[in-house]
Amino acid sequence: MRGHDRINRCLPDELVMEIFRRLDAKPSRDACSLVCKRWLRLERVSRSTIRIGASGSPEHFVKLITRRFVNVRTVHVDERLSLPAQLGRRPSVESIRPLPNLRYAKEKGGSEGELETSYISDAGLTVLGEGFSKLEKLSLIWCNNVSSMGLVSVAQKCRLLKSLDLQGCYVGDPGIAAVGQCCKQLEDLNLRFCEGLSDMGVVELALGCGKSLKSLGVAACAKITDISLEAVGLHCTSLETLSLDSEFISNKGLLAVAKGCPLLKVLKLQCINVTDEALAAVGTCCLSLEMLAVCSLQKFTDMGLRAIGNGCKKLKSLTLSDCYLLSDKGLEAIASGCKELTHLEVNGCHNIGTMGVESIGKSCQQLTELALLFCQKIGNNALLEVGRGCKFLQALHLVDCSSIGDEGPNSLYEKPVSVAANPPLSLEIYRFSSTAQLYRETTSFELTPLIVISLGDLSIWGWGGSAGGLCIGDLGISNWPTRGGNTEMMREVHDTWIGNKGIVAIGEHCKSLTDLSLRFCDRVGDEALVAIGQGCSLYHLNVSGCHQIGDAGITAIARGCPQLISLDVSVLQNLGDMAMVELGEGCPLLKEVLLSHCHHITDVGITHLVTNCTLLESCHMVYCPGITAAGVATVVSSCPNIKKVLVEKWKVSQRTKRRAGSVISYLCMDL
């Protein structure tokens with residue numbers, strides 16, 4: 001540092017490193033490391049977490065980071081993530097670019113001079129263990145080249161390991177056995193999709209480090225049976241979290257866990273052979289259970305759920321998915337026994353009806369979130385009781401509940417105290433069977449302006465602060481009166497598909513609208529977006545698949561929403577270059593734009609867009625025949641902050657590939 005270096009003279013190393021540790025963003029830490037040699041050295045010493053993706057030379061890369069960062073405690077290796085192939089003087093070990101989808105192709109081979117993407121192997125794990133002997137947390141996600149040999153090496157050298165994630169790794173019993181023998185402090189273990197494991201490895205693990213193990217996840221491991229769970233129940237007495245997804249586990253294994261692990265707090269089950277007998281044991285023995293999720297338990301009846309309600313008084317979260325034998329009686333037992341319940345999800349349990357949810361509304365007054373999905377027998381009275389009894393309800397999710405009509409959602413707003421005195425209520429509704437009249441009462445409810453958020457076809461409507469929301473899906477919308485005093489509620493019913501009239505009403509009356517999604521709303525056109533542009537200042541807009549929207553609507557958004565950050569106009573067949581010109585001039589803060597399947601946008605429009613939108617970070621433009629290699633090159637060269645460009649592979653020239661290969665993603669055509 002030039003001039004008077006007061007900071008370095010006054011601050012000791014320990015204080016500077018503590019400051020670095022409090023910097024959450026990696027770019028900030030990297031910037032600090034460039035200030036001077038002392039800060040570079042101290043930043044490396046203070047670095048505790050490293051993230052590694054697939055790279056051109058993983059073993060060499062691991063050697064570099066083990067030499068430079070000596071105090072690392074946490075390492076994440078995820079080969080679904082890609083790193084730039086070129087390793088410079090200071091490789092960006094945490095700055096990884098996640099692939100948008102696992103189906104996107106990784107380049108292997110190609111033209112001369114390109115590096116083939118390879119993956120970390122046992123040799124890399126050996127180097128990792130030797131360099132990071134103080135490692136406490138290791139995550140190896142879908143590392144297909146890692147075997148038991150590499151895991152044994154890590155276990156022998158990293159004996160302080162507390163958390164190990166082996167999801168998708170084809171490791172065998174010797175590797176897991178070595179972990180049990182060497183890592184006596186292990187608390188968290190994820191074995192999901194570890195197809196090479198059998199009971200032998202899990203039993204050895206339980207014998208070795210069972211006393212410290214607190215969390216275990218097993219899924220799609222065909223060779224792991226009840227024998228493994230019996231060992232867990234016998235040796236892992238401190239277990240608090242268990243996640244099981246297997247058709248090879250039956251009552252015998254779960255009974256052993258329930259009786260041997262009384263401290264269990266979280267239990268997630270997707271085991272088709274488990275019956276009421278095992279769940280009854282959970283209700284009897286696991287009295288500290290706080291979260292229970294059961295999915296596709298075809299033999300699970302009200303008897304098992306009644307045992308949970310009678311024994312697990314501390315239960316706060318319950319998820320019931322595709323349990324066809326459950327009825328209202330089981331849910332009534334939960335309501336009677338689990339007064340602290342805050343989250344309930346009922347998904348596809350066709351025999352649960354109005355009476356069961358009514359009992360929840362009457363008894364579980366601490367409920368904050370309720371999700372009812374594909375429940376045809378639940379009617380309006382259920383929501384009426386929820387509205388009366390659950391004063392702290394923040395979110396209601398309804399998916400294809402055909403027996404719930406307009407009165408159900410409206411009943412949640414009958415009492416001012418339910419809305420004004422508590423956190424904002426949001427409702428999410430898919431494929432609602434009838435229209436719902438939404439209105440805005442400015443006096444008795446004392447509601448704040450309506451804010452709209454986007455969850456695709458998901459419909460969210462509610463009031464309050466910056467967290468309330470309304471997202472338009474297939475709901476009909478009535479008018480919101482804006483007069484003060486005793487406003488008159490409008491009961492005008494519209495068609496079950498949203499059109500221009502409803503969106504125009506939103507634009508006229510919802511002045512605080514910031515986030516709007518109208519995906520595949522075929523009846524929404526330019527008129528609606530003109531009203532939104534004139535009345536609202538959007539930050540996020542998604543109108544993908546709205547075929548009636550063209551240049552006029554997007555132009556109105558560009559002129560009326562200068563704060564726009566993200567825009568999705570995919571599959572708009574009538575959109576052309578004129579809209580791109582207006583966006584470039586009116587929305588300089590754009591960071592994300594999705595243009596895929598827009599046949600009338602050409603290189604001319606793209607050029608105008610990126611000339612002024614220099615903050616652009618992500619651009620999707622697949623299946624745009626008017627955009628050529630020249631347009632792709634223009635995007636890459638004009639946007640210094642660009643991080644992701646999704647495009648067809650043949651549209652990327654060799655020059656563009658050399659210049660910005662790390663930000664180019666290709667849509668895989670060989671699916």
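**Exercise 1. Helix 24**

Which residues of helix 24 (residues 629-638) are buried? Then name the elements they pack against.

*Solution.* The model is predicted.
- Step 1: pick out the buried positions. They are G631, V632, T634, V635 and V636.
- Step 2: list the packing partners of these buried residues. Two are helices, helix 23 (603-612) and helix 25 (654-660). The strands are strand 21 (618-620), strand 22 (644-647) and strand 23.

**Exercise 2. The open sheet**

Give the strand order of the open sheet formed by seven strands. Find its edges.

*Solution.*
- Step 1: read the order. It runs 17-18-19-20-21-22-23, with parallel pairing.
- Step 2: look for strands with a single partner. Strand 17 (515-517) and strand 23 (664-666) each have a single partner strand, so each has one side without a neighbour in the sheet.
- Step 3: add the twist. From one strand to the next it averages 10 degrees.
- Step 4: zoom in on one pair. Strand 19 (residues 566-568) and strand 20 (residues 592-594) are joined by three bridges in the parallel sense. S566 has E592 of strand 20 as its bridge partner.

**Exercise 3. Strand 4**

Is strand 4 (residues 137-141) largely enclosed or largely open? Identify how strand 4 pairs with strand 5.

*Solution.*
- Step 1: count burial. Four of the five residues are buried, so strand 4 is largely enclosed by the rest of the structure.
- Step 2: check the pairing. Strand 4 meets strand 5 (residues 163-165) in the parallel sense, over three bridges.
- Step 3: locate a bridge. K137 pairs with S163 in strand 5.

**Exercise 4. Helix 7 against helix 8**

Classify the packing of helix 7 (residues 148-157) and helix 8 (residues 173-182).

*Solution.*
- Step 1: take the geometry. The angle is about 5 degrees and the axes are 7 Å apart.
- Step 2: apply the cut-off. Angles under 35 degrees count as roughly parallel, so helix 7 is roughly parallel to helix 8.
- Step 3: list the contact. Helix 7 supplies S148, L151, V152, A155 and Q156. Helix 8 supplies D173, P174, G175, I176, A178, V179 and C182.
- Step 4: sort the contact residues. Eight are nonpolar, three polar and one charged.

**Exercise 5. Cysteines**

How many disulfides are there? Compare the accessibility of C10 with that of C32.

*Solution.*
- Step 1: apply the cut-off of 2.5 Å between cysteine sulfur atoms. The count is zero disulfides.
- Step 2: test C32. The nearest cysteine sulfur belongs to C36 and is 9.9 Å away, and C32 is in no disulfide.
- Step 3: assign exposure. C32 has a relative accessible area of 18%, so C32 is buried. C10 counts as exposed because its relative accessibility is 61%.

Technical notes. Residues are numbered from 1 along each chain as its sequence is written. This is a predicted model: local features need pLDDT of at least 70, side-chain atom pairs count only at pLDDT 80 or more; totals for chains, interfaces and linings use all residues. Side-chain values use heavy atoms; hydrogens and water are left out. Axes are lines fitted to C-alpha atoms, for helices over the stretch in contact, and angles run from 0 to 180 degrees between N-to-C directions. Angles under 35 degrees count as roughly parallel, over 145 as roughly antiparallel, 65 to 115 as roughly perpendicular and the rest as oblique. Contact means heavy atoms within 4.5 Å. Ala, Val, Leu, Ile, Met, Phe, Trp, Tyr, Cys and Pro count as nonpolar, Asp, Glu, Lys and Arg as charged, and the others, Gly among them, as polar. Buried means under 20% relative accessible area, exposed over 50%, partly exposed in between (1.4 Å probe, protein chains only). Two strands pair if DSSP finds at least two bridges between them.
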